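Colleague: I would like to go through this model one question at a time. Please explain each term when it comes up.

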Amino acid sequence: MHSAKLNRHPRCSLKPENRQERHLPLRFSWLDHGFRAPVRNQGTSAWCSIFSSISALEYAYQIQQSGTSPSSSPREFSQKAIGSCAVGGSLTSGMYVEEVLDFVKQRGVSLYEHGPFDFTVTVVN
C-alpha cells in the first residue's frame, strides 16, 4: 500500500465546518453514478493540460446534459483540434489549463470523431 503524507491543515479536511456542510458526503465520485470519460494516450506529447481539460469538459458536458443518469453515448471532444489551432500542431508545445479553457470558450471544440489524436498533427490556421 502506498502511504502518502497528508496535509493536516484544517482547510484540507473534508470534515464539515458548519451546519450547511453536514449533509454533504465525505466522499463523492461521478464514477459511482455511472459517468465515464474515455482515457486517451497522449504519448510523449506535451499536451497533458489539453488532455486533462478535455476530459474535464467531457465529464461536465455529460453531467450537464444527462442530469442524474449518464448518457449511453457521451460526447467525446478532440484534443487534436485544440492542439492544431492553439499551439500550431507542435507536440512539444503545451498550454496552461486556463488557456485551454479560454480557447474552448472563445472558439469551441470539435468532436473526437472529426479530429482523433495521433502523432501526425496537422496545423490548422
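**Helix α3 and its surroundings**

Modeller: The face of α3 turned away from its buried side carries the exposed residues Glu98, Lys105 and Gln106. Exposed means over 50% relative accessible area, buried under 20%, and partly exposed in between (1.4 Å probe, protein chains only). Helices (H or I, at least four residues) and strands (E, at least two) are DSSP runs, numbered from the N terminus. This is a predicted model, in which local features need pLDDT of at least 70 and side-chain atom pairs count only at pLDDT 80 or more, while totals for chains, interfaces and linings use all residues. Residues are numbered from 1 along each chain as its sequence is written, and side-chain values use heavy atoms, with hydrogens and water left out.

Colleague: Which residues of α3 are buried?

Modeller: Helix α3 spans residues 97-107. An α-helix has 3.6 residues a turn, so residues three or four places apart point the same way. The buried residues of α3 are Val100, Phe103 and Val104.

Colleague: What arc do they cover around the axis?

Modeller: The arc is that of the directions from the helix axis to the C-beta atoms. Val100, Phe103 and Val104 are the buried residues. They lie on the same side of α3 because they cover an arc of only 95°.

Colleague: Which helices are included in what covers the buried residues of α3?

Modeller: Contact means heavy atoms within 4.5 Å. The cover includes two helices, α1 (48-66) and α2 (79-86).

Colleague: Ser49 is in helix α1; which residues does Ser49 contact, leaving aside its neighbours within four places in sequence?

Modeller: Ser49 is buried, with a relative accessible area of 8%. Ser49 and Tyr96 are 47 residues apart in sequence, yet their C-alpha atoms are 6.1 Å apart. With those neighbours left aside, the contacts of Ser49 are Met95, Tyr96, Val97 and Val100.

Colleague: Lys80 is in helix α2; how far is Lys80 from His114, C-alpha to C-alpha?

Modeller: Lys80 is buried, with a relative accessible area of 15%. Lys80 and His114 are 34 residues apart along the chain. Their C-alpha atoms are separated by 9.4 Å.

Colleague: How many disulfides does a search of the whole structure find?

Modeller: A disulfide is a pair of cysteine sulfur atoms within 2.5 Å. Cys48 is partly exposed at 48% relative accessibility, and Cys85 is partly exposed at 26%. The number of disulfides found in the whole structure is zero.
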